[in-house]
Amino acid sequence: MIQKQPILSIILIVAVLLLPFLDILEVTIMEARNYITAREMLTDGHWILTTMNGEARYQKPPLPTWLTALSGMIFGIKNIWALRLPAVLMIMLLGTMLYTLSRKLTLSKQHSFLNGLIGITSFYVTLIIFEAPWDIYAHVFMLVAIYSIIQVFISERIRFKYILLTIVFIGCSILSKGPISVYALLIPFLISYSVVYRKEIHKKKWITVPIILILGLALGFSWYFYVRYVDPDIFNAITAKETGNWTSYNVRPFYYYWSFFTQSGIWTIPAFISLLYPYLKTRVSNLKMYQFTLLWTLLIVVLLSIIPEKKSRYLMPVLIPLAINAGFYIEYLIRRFKELKDKRETIPVYFSFGVIGLAFFNIPLVFVYLVIAEEKLNVPIVTFILLGLLSVVGVLLLKKLYQKSIKHVIVTLIVGVVLIIYSLGVLRSHNKIVNVGYSDFDDFVQYHNIESSKTIYAYQNITPEMIWSSGRKIKVINSLHDLPEGTVFYVLDCYGCRFNITTDKDINNFLYETPYPIDLNYEFPTSGNYKDRKVGYVYKLTIPK
């Protein structure tokens, strides 16, 4: 099937890896902000002038939120699986475009499939759909634009269809995350491609590039222009704050990104070796394309390093050309490893895949030890079966490595990754249910038998996760004196705040019952992943007669 339907195979691998357990992880703070905005698009009609908790949120363009809101409209706005689905579709598109772009640049089907496989299984590609789901849209849309512009470059005549596609997808990228991907992915591509393939591109083709960029930027910034025109004061204030963050927030040294290849996870060592040009230049199947992807990769790292503000998730675009670059090394091993005698070449391969094989074999043993040590952990039998299979896969991987069959090593590697994800998925899903400490706003509403439209206030502080879980907008008050006239109020007080509701001088004007606990953590309080910001108490305040 892989040989006959490589694109379908990439899509199915992503589906098998991500779709079954897409909703088992807690909603992250970044996701909560985005999902609140999507919810308010549906409930309040704020599709253009986007909001979060009823207040303007112009920090992020709306395209990914539109797609998320549409998915929520179809499957339910409370359905976390549905809200994460569009981001998974982007990973499918990423793998598809890596394969298609590789084929367009004359690589074989097997080699191109390998590039797509490395891309979709890189560690941070998967993680980013939970940590910062909007980034994946910007970079994948830009990859489509890059594929289209390559079509413009290599065609014998001007292809207006691909010019239009390039403009549209540059615009889509900017409408997803601003000009980040233009800077971090497109500009390095244009420089690298012009350096390596300059003799193969007719000068007339380069004339189209400024036109494409201008029109693409105009389309992408159309939302910004509109919001700036309609709501200038708030837009300018938000823009000034966001721009200031580039030089004053999360500032890291220039070399912060130099370990970028580790973000590829299981492909870390192959990715690193693929950067060693003197070693690999005589071994790759297509030297010119290897030079292109290597230069593209390194230029992205350099350009990102120049910006003072640095975060690990900003490295996402470098994983795109790095996947192709690492693919050259893996393809060389598949083709030649059985013939290699030099230990300087074989030892890194045995070490890289051997460590993974040993890990697959030993993870079940470590897990059993942890289960015995952690009595609170409730483990279903399916998890033990899956981990048992993982040990078998570990043995098979080591066997194939010993036989120098790198192609089968890669197959068993992917199977092992699937088994790990399914083992953790089943375990997480089961323990999410048995964690009796978990309570959300639905539990609170049912307990107090209050209507869903009842206003809930927050005392001095509110986190995005709490707003999302509440299913409504929550107005923040600085003191109980700010409450409107009425008889009964529900006020959310955060856990662990320096000042809480009981210290408010106006508390004596109310009667209140034992507060209802809200704990959105799936983890137990003893876990290192337990977060106090996801804990609060709802007070029912009554004005005495």
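Biologist: Is strand S5 mostly covered or mostly open, and how many of its residues are buried?
Modeller: In this predicted model, S5 covers residues 488-494 and is mostly covered, with 6 of its 7 residues buried.

Biologist: Which strands does S5 pair with?
Modeller: Strand S3, residues 456-459, pairs with S5 in the parallel sense over 3 bridges. S5 is also joined to strand S8, residues 535-542, by 7 bridges, and those two run antiparallel.

Biologist: Which residues should I look at to see that?
Modeller: For S5 and S3, look at Tyr457, which stands opposite Val491 in S5. For S5 and S8, look at Val488, which stands opposite Thr542 in S8.

Biologist: Switching to helices. How far apart are the ends of H4?
Modeller: The end C-alpha atoms of H4, residues 80-104, are 37 Å apart. At 1.5 Å a residue, its 25 residues should span 36 Å, so the two values agree.

Biologist: Where does H4 bend?
Modeller: At Pro86, by about 30°.

Biologist: And why call H4 largely enclosed?
Modeller: Because 20 of its 25 residues are buried, the rest of the structure largely encloses H4.

Biologist: What happens at the start of H4?
Modeller: A side-chain oxygen of Asn79 reaches to within 3.1 Å of the backbone nitrogen of Trp81.

Biologist: What about just after H4?
Modeller: Thr106 sits there and takes a positive phi of about 75°.

Biologist: New topic, Lys60. Where is it found?
Modeller: Lys60 is in the loop between strand S2 (55-56) and helix H3 (63-75).

Biologist: Buried or exposed?
Modeller: Lys60 has 17% relative accessibility; the cut-off for buried is under 20%, so Lys60 counts as buried.

Biologist: What is Lys60 in contact with, leaving aside neighbours within four places in sequence?
Modeller: Lys177 and Trp223.

Biologist: Last thing, the aromatics. How many aromatic pairs does the structure hold?
Modeller: There are 36 aromatic pairs. One of them is formed by Phe260 and Phe261, and that pair is edge-to-face, with 5.8 Å centre to centre and 75° between the planes.

Biologist: Are Phe260 and Phe261 buried or exposed?
Modeller: Phe260 is buried, with a relative accessible area of 5%. Phe261 counts as buried too, at 17% relative accessibility.

Biologist: Which residues do ring pairs link into a cluster?
Modeller: The cluster holds Phe153, Phe189, Tyr193, Tyr197, Trp206, Phe292 and Trp296, linked by ring pairs.

Definitions and conventions
Residues are numbered from 1 along each chain as its sequence is written. This is a predicted model: local features need pLDDT of at least 70, side-chain atom pairs count only at pLDDT 80 or more; totals for chains, interfaces and linings use all residues. Side-chain values use heavy atoms; hydrogens and water are left out. Helices (H or I, at least four residues) and strands (E, at least two) are DSSP runs, numbered from the N terminus. The expected span of a helix is 1.5 Å times one less than its number of residues. The bend at a residue is the angle between axes fitted to the seven residues ending there and the seven starting there. Buried means under 20% relative accessible area, exposed over 50%, partly exposed in between (1.4 Å probe, protein chains only). A polar contact is a pair of N or O atoms within 3.5 Å; within protein, one must be able to donate a hydrogen and the other to accept it, and residues adjacent in sequence count only if both atoms are side-chain atoms. Contact means heavy atoms within 4.5 Å. Two strands pair if DSSP finds at least two bridges between them. Rings of Phe, Tyr and Trp (its six-membered ring) pair if their centres lie within 6.5 Å; planes under 30 degrees apart count as stacked, over 60 as edge-to-face and the rest as tilted.
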